[in-house]
Amino acid sequence: MRPTLQTAGVVSLLAGVTGAIQVDFTNDDSIKDAASTAAFGLLKYYTGNNTGDTPGNLPDPYFWWEAGAMFGTMIDYWFYTGDETYNDVTTQAMVHQAGEDNDYMPQNQTRTLGNDDQGFWAMAAMSAAENNFPNPPDGQPQWLALVQAVFNEYVSRWDPNTCGGGLRWQIFTFNNGFNYKNSISNGCFFNIASRLARYTGNQTYADWAEKVWDWMEEVKFIDQDFNIFDGGGVENNCVDINKAQWTYNAGIFLQGTAMMYNVTETDTWKQRVEGLVSRTVAYFFDDGIVVERPCESFNSCDFDQQSFKGYLMRWMASASQMAPFTFDTLMPLVKSSAAAAAQQCSGSPPATDFKGQPGTACGFKWTAKAAFDGLAGVGEQMSALSAMQYTLVKKQEAKAPVTADTGGTSVGNPNAGRPPDEYMPMPVVITTGEKVAAGFLTTAVAFSVMGASFFIMKE
Ligand SMILES: *[C@@H]1O[C@H](CO)[C@@H](O)[C@H](O)[C@H]1NC(C)=O
Ligand SMILES: *[C@@H]1O[C@H](CO)[C@@H](O)[C@H](O)[C@H]1NC(C)=O
Ligand SMILES: *[C@@H]1O[C@H](CO)[C@@H](O)[C@H](O)[C@H]1NC(C)=O
Ligand SMILES: *[C@@H]1O[C@H](CO)[C@@H](O)[C@H](O)[C@H]1NC(C)=O
């Protein structure tokens with residue numbers, strides 16, 4: 001993810017209320033209908049399957065990683081609703097963006113490609129394996145092997161020379177953020193390691209999940225009360241912690257700890273699940289409705305941040321399956337958030353690119369408990385869809401995500417991925433592409449004007 005100066009634009013205060021998504025959360029068909037309406041509006045933002053466009057890319061201003069997050073959402077959408085409408089575009093995008101080396105590092109994205117960006121595509125591929133999403137034909141990259149490629153590259157980037165370990169935010173030395181270590185990048189590593197451990201049963205993955213967690217505690221990005229902070233700079237040995245707490249950091253570690261609890265059944269992991277559950281519930285919810293604390297009430301969430309709440313919904317729902325003792329705490333909050341989100345899905349923004357059914361654009365501030373707040377876009381739409389679709393997760397779900405031993409069919413390759421010397425130094429990229437260079441310059445100016453606090457507040 002990239003630092004940006006954009007803030008949420010208020011689209012219209014005169015939002016129409018001609019539509020609104022009506023949902024009866026006691027009726028699965030009603031939830032599926034609502035999810036279908038929201039998904040239709042979401043995929044109307046997607047242009048990657050138009051002639052001449054590149055499969056897997058969202059149009060500006062959305063960065064590459066968010067498309068990966070979107071296809072991850074759609075893989076779960078299919079799993080929980082059974083609606084296959086978007087499977088073909090999803091597969092096309094997931095395979096195309098695997099890139100030249102089948103590791104979610106397409107050369108075109110070099111300037112926007114941090115460990116977290118790569119991770120969101122890898123987590124989508126992991127969901128595809130766990131959901132038995134239809135496998136690509138032979139000869140094309142396979143879901144499990146794609147995740148293993150990213151895992152192996154994360155291992156090769158583990159950096160004990162600063163802050164005692166951890167992944168840096170950025171992969172390439174020339175991208176802003178190379179000198180920052182953050183929770184979301186290490187969260188992506190932890191998340192796929194824990195899920196690969198469950199899916200494959202291979203202890204190496206569990207060992208790495210343990211190692212990432214221990215480091216996160218040592219460096220105090222996770223404190224003793226289970227707050228999870230944004231990150232810290234390598235020049236200061238990561239002691240200059242930016243204490244912003246984002247929903248997606250809580251969620252990504254919550255799902256991973258629940259996976260590790262499911263795999264190990266130990267008290268240690270159970271206590272970590274409990275700690276994260278209670279802190280998440282206490283910190284991120286107002287009257288049962290999820291809030292993006294660092295920016296939502298200031299109207300300052302950028303395009304990336306507008307999508308974060310949806311991932312917390314996703315990972316709370318998954319944790320409630322992997323650690324069923326959390327179900328009665330987590331799922332009522334997903335449901336109350338979803339009900340509030342559905343009320344926000346009543347917009348007809350006149351001046352945006354929303355092309356879904358009129359009167360069903362989803363707003364951002366679910367606590368408003370009223371009609372559309374005038375904010376619309378991929379992040380808002382995807383978050384509302386997520387909240388709604390994950391209410392379909394049931395206690396004692398017969399249809400839990402599979403593993404290699406319980407029906408999983410995705411083909412893996414434990415040796416996938418590239419050694420770092422094949423891609424690390426690529427300074428030539430800095431001089432190519434005017435658009436990219438201009439973005440870099442803007443960011444550099446913003447840094448010098450606004451100082452470090454700007455940099456570390458943004459994902
Ligand atoms: C692209 O996919 C969307 C969603 O499935 C669909 O509505 C649209 O018609 C497709 N566009 C093309 C050019 O196939
Ligand atoms: C990279 O960009 C080119 C030119 O737009 C496009 O044809 C190609 O499909 C892109 N590759 C990937 C992996 O997105
Ligand atoms: C692990 O997950 C499965 C599937 O949801 C669940 O049935 C099982 O009870 C979980 N294991 C533990 C120890 O909670
Ligand atoms: C387990 O994973 C490690 C790390 O990728 C790999 O080296 C090893 O071959 C795997 N073991 C098996 C039995 O697949």
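What is the volume of the second largest cavity? It is about 50 Å³, and this tour will pass by it after some helices.

**Before you start**

This is a predicted model, in which local features need pLDDT of at least 70 and side-chain atom pairs count only at pLDDT 80 or more, while totals for chains, interfaces and linings use all residues. Residues are numbered from 1 along each chain as its sequence is written, chains are lettered from A and ligands numbered from 1 in the order in which they are written, and side-chain values use heavy atoms, with hydrogens and water left out.

Helices (H or I, at least four residues) and strands (E, at least two) are DSSP runs, numbered from the N terminus.

**Stop 1: α8 and α10**

Select residues 247–264, helix α8, and residues 308–322, helix α10. Two packed helices are described by the angle between their axes and the distance between the axes. Here the angle is about 15° and the axes lie 8 Å apart. That makes α8 roughly parallel to α10. (Angles under 35 degrees count as roughly parallel, over 145 as roughly antiparallel, 65 to 115 as roughly perpendicular and the rest as oblique. Axes are lines fitted to C-alpha atoms, for helices over the stretch in contact, and angles run from 0 to 180 degrees between N-to-C directions.)

Now show the side chains where the two helices are in contact (heavy atoms within 4.5 Å). On α8, look for residues including Tyr248, Leu254, Gln255 and Tyr261; on α10, their partners include Phe308, Leu312, Trp315 and Met322. This contact divides into 14 nonpolar, five polar and one charged residue. (Ala, Val, Leu, Ile, Met, Phe, Trp, Tyr, Cys and Pro count as nonpolar, Asp, Glu, Lys and Arg as charged, and the others, Gly among them, as polar.)

**Stop 2: α10 and α12**

Keep α10 on screen and add helix α12, residues 378–390. These two pack at about 20°, with axes 7 Å apart. That makes α10 roughly parallel to α12. From α10, Phe308, Lys309, Gly310, Tyr311, Met313, Arg314 and Ala317 take part, and from α12, Met382, Ser383, Ser386, Ala387 and Tyr390. The split by class is seven nonpolar, three polar and two charged.

**Stop 3: the largest cavity**

Rolling a probe the size of a water molecule over the atoms shows where empty space is left. In the whole structure, a search finds two cavities of 30 Å³ or more. (On a 1 Å grid over the protein atoms alone, a cavity is a set of points where a 1.4 Å probe fits but cannot get out, and lining residues have an atom within 4 Å of a point. Grid points are joined across faces, edges and corners, and a volume is the space filled by probe spheres set on the points.)

The largest holds about 150 Å³ of space. To find its centre, select Asp76, Tyr80, Glu130, Gln255 and Ser318, the closest of its 16 lining residues. Two or more lining residues come from each of α2, α4 (115–130) and α10, and α10 gives the most, with five. The lining has seven nonpolar, five polar and four charged residues.

**Stop 4: the second largest cavity**

Which residues line the second largest cavity? Select Phe226, Asn227, Ile228, Gln245, Ala250, Leu276, Arg279, Thr280 and Phe284. Helix α9 (residues 267–284) supplies the largest share, four residues. Five of the lining residues are nonpolar, three polar and one charged.

Linger on Phe226, in the loop between α7 (203–218) and β2 (231–233). Its phi is near 70°, a positive value in a residue other than glycine. Most residues other than glycine have a negative phi, and most peptide bonds are trans. Then step to Asn237, in the loop between β2 and α8: its phi is positive too, about 55°.

**Stop 5: a cis bond, then α2 and α3**

Go to Pro61, in the loop between α1 (28–43) and α2. The peptide bond leading from Asp60 to Pro61 is cis, with omega near 5°.

Finish by selecting α2 (residues 64–81) with α3 (residues 87–96), which pack at about 140° with axes 10 Å apart. Phe71, Met74, Ile75 and Trp78 of α2 meet Asn87, Val89, Thr90, Ala93 and Met94 of α3. This contact has seven nonpolar, two polar and no charged residues.

Note on methods. On a 1 Å grid over the protein atoms alone, a cavity is a set of points where a 1.4 Å probe fits but cannot get out, and a pocket is an open set with protein on both sides within 12 Å along at least five of seven lines; lining residues have an atom within 4 Å of a point.
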